Amino acid sequence: MNKISYRDSGVNIDEGNKAVDIIKEKVKSTYNKNVLGDLGSFSGLYSIKDCLSMKEPVLLSSTDGVGTKLKIAQIMDKHDTVGIDLVAMCVNDLICQGAKPLFFLDYIATGSLKSNQVEDIVSGIVEGCKDSGCALVGGETAEMPGMYSDDEYDLAGFSVGICDKENIITGESVKEGDVLIGISSSGIHSNGFSLIRKIFLDKLSWTLDKYVDELGKTLGEELLTPTKIYVNTVMDLISKHNIKSIAHITGGGLIENVTRVIPENLGITVNKNSWKELNIYSLIKKLDLVEERELYRSFNMGVGLVIIVDKKDANEILECINQTEDAYIIGEVTTDSGVVLC
């Protein structure tokens, strides 16, 4: 009987080693003075010496994926932006409680490892890490034939941040009359893609290479627009202003995410016409295939981050954000629990 190798089972160790060699310098480009050791260790090392001046440093962590947006990337065979999404989904969660992202780790699982594809994915992760000021200190690439098809892969990310305990943003001081400031998204971001595929690919039978006049680009190009990273904006804000609460508008949309960061006895009113509508959402509304409230609990609808501030500070903070981002006063906190869209 002929002997078999790991390669015969569908796992190519040599291709995995090639992928590591290709991405090594890209990963190292995210390192700062706090990264200890080198790529290839069994764990990533990160010094928190610079944070020891805090009264009570607290580590905060977040993990997430990119969801079925990966299906779009795989159909288009374009993999250089989903890594940005992966980082964004994690670090945007960390900053909601005032944490400065320190480092990031990734996990790539695939049916058949292709070094050039891994390079594209990691290039996006590196870009996201640089944009958010965190180091990519480790990761795992798992080749899993039989679990995934040859052309499939999945991504997961994990990030750690730090904040002085007394500065953690909890939302507990939010009160009636506080103002909601919405910061624009770059598009769909990384949530709601199962519904997106249902609308465009299943219901309308559109292809991803279809040029859409309303978008000024192909459908696929629009859908692969990377998730915006808000780290620099928020870190600057919390260093200068009293920010009561922050919500990252992910799965659950505006309806479910803002109420997560305010006291249970309060609610919000959102003025739907208070921000500039993105073309992709104008198009989805025009198609009239989904109930309006379902849209606001499935998508960010053009608002990727909501910041809650005292009414007296709202205009000053809005002016500060508008120096680098498009931001709008979109509503206020009320004593009626739940979310009112008006």
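This briefing describes how several helices of the structure are packed and which of their residues are buried. The model is predicted. Two helix pairs come up, α3 with α4 and α7 with α11. Two helices, α9 and α11, are also described by their buried residues.

**Helices α3 and α4**

- Two packed helices are described by the angle between their axes and the distance between the axes.
- For α3 (residues 82-94) and α4 (residues 115-132), the angle is about 40° and the axes lie 6 Å apart.
- An angle under 35 degrees would count as roughly parallel and one of 65 to 115 as roughly perpendicular, so α3 is oblique to α4.
- The crossing of α3 past α4 is right-handed.
- On the α3 side, the contact is made by Gly-83, Ile-84, Leu-86, Val-87 and Val-91.
- On the α4 side, it is made by Ile-121, Gly-124, Ile-125, Glu-127, Gly-128, Cys-129 and Ser-132.
- Sorted by type, the residues of this contact are 7 nonpolar, 4 polar and 1 charged.

**Helices α7 and α11**

- Helix α7 (residues 231-240) packs with helix α11 (residues 314-321) at an angle of about 140°, and their axes are 11 Å apart.
- This crossing, too, is right-handed.
- Thr-233, Asp-236 and Leu-237 of α7 are in contact with Ile-317, Cys-320 and Ile-321 of α11.
- The contact of α7 with α11 consists of 4 nonpolar residues, 1 polar and 1 charged.

**The two sides of α11**

- Ala-314, Ile-317, Leu-318, Cys-320 and Ile-321 are the buried residues of α11.
- These buried residues line one face of the helix, because they fall within an arc of 160° when seen down the axis of α11.
- An α-helix has 3.6 residues a turn, so residues three or four places apart point the same way.
- Asn-315, Glu-316 and Glu-319 are exposed on the other side of α11.
- The buried residues of α11 pack against α7 and against three strands, β7 (179-184), β12 (303-309) and β13 (327-334).

**Helix α9**

- In α9 (residues 279-287), the buried residues are Ile-280, Tyr-281, Leu-283 and Ile-284.
- They sit on the same side of α9, because the arc they cover around the axis is only 155°.
- The elements covering these buried residues include the helices α5 (193-203), α6 (219-223) and α10 (292-296), as well as the strand β8 (211-212).
- After α9 comes Asp-288, which has a positive phi, near 55°.

Notes: Residues are numbered from 1 along each chain as its sequence is written. This is a predicted model: local features need pLDDT of at least 70, side-chain atom pairs count only at pLDDT 80 or more; totals for chains, interfaces and linings use all residues. Side-chain values use heavy atoms; hydrogens and water are left out. Buried means under 20% relative accessible area, exposed over 50%, partly exposed in between (1.4 Å probe, protein chains only). Helices (H or I, at least four residues) and strands (E, at least two) are DSSP runs, numbered from the N terminus. The arc is that of the directions from the helix axis to the C-beta atoms. Contact means heavy atoms within 4.5 Å. Axes are lines fitted to C-alpha atoms, for helices over the stretch in contact, and angles run from 0 to 180 degrees between N-to-C directions. Angles under 35 degrees count as roughly parallel, over 145 as roughly antiparallel, 65 to 115 as roughly perpendicular and the rest as oblique. A crossing is left-handed if the near helix is turned anticlockwise from the far one by less than a right angle, and right-handed if clockwise. Ala, Val, Leu, Ile, Met, Phe, Trp, Tyr, Cys and Pro count as nonpolar, Asp, Glu, Lys and Arg as charged, and the others, Gly among them, as polar.
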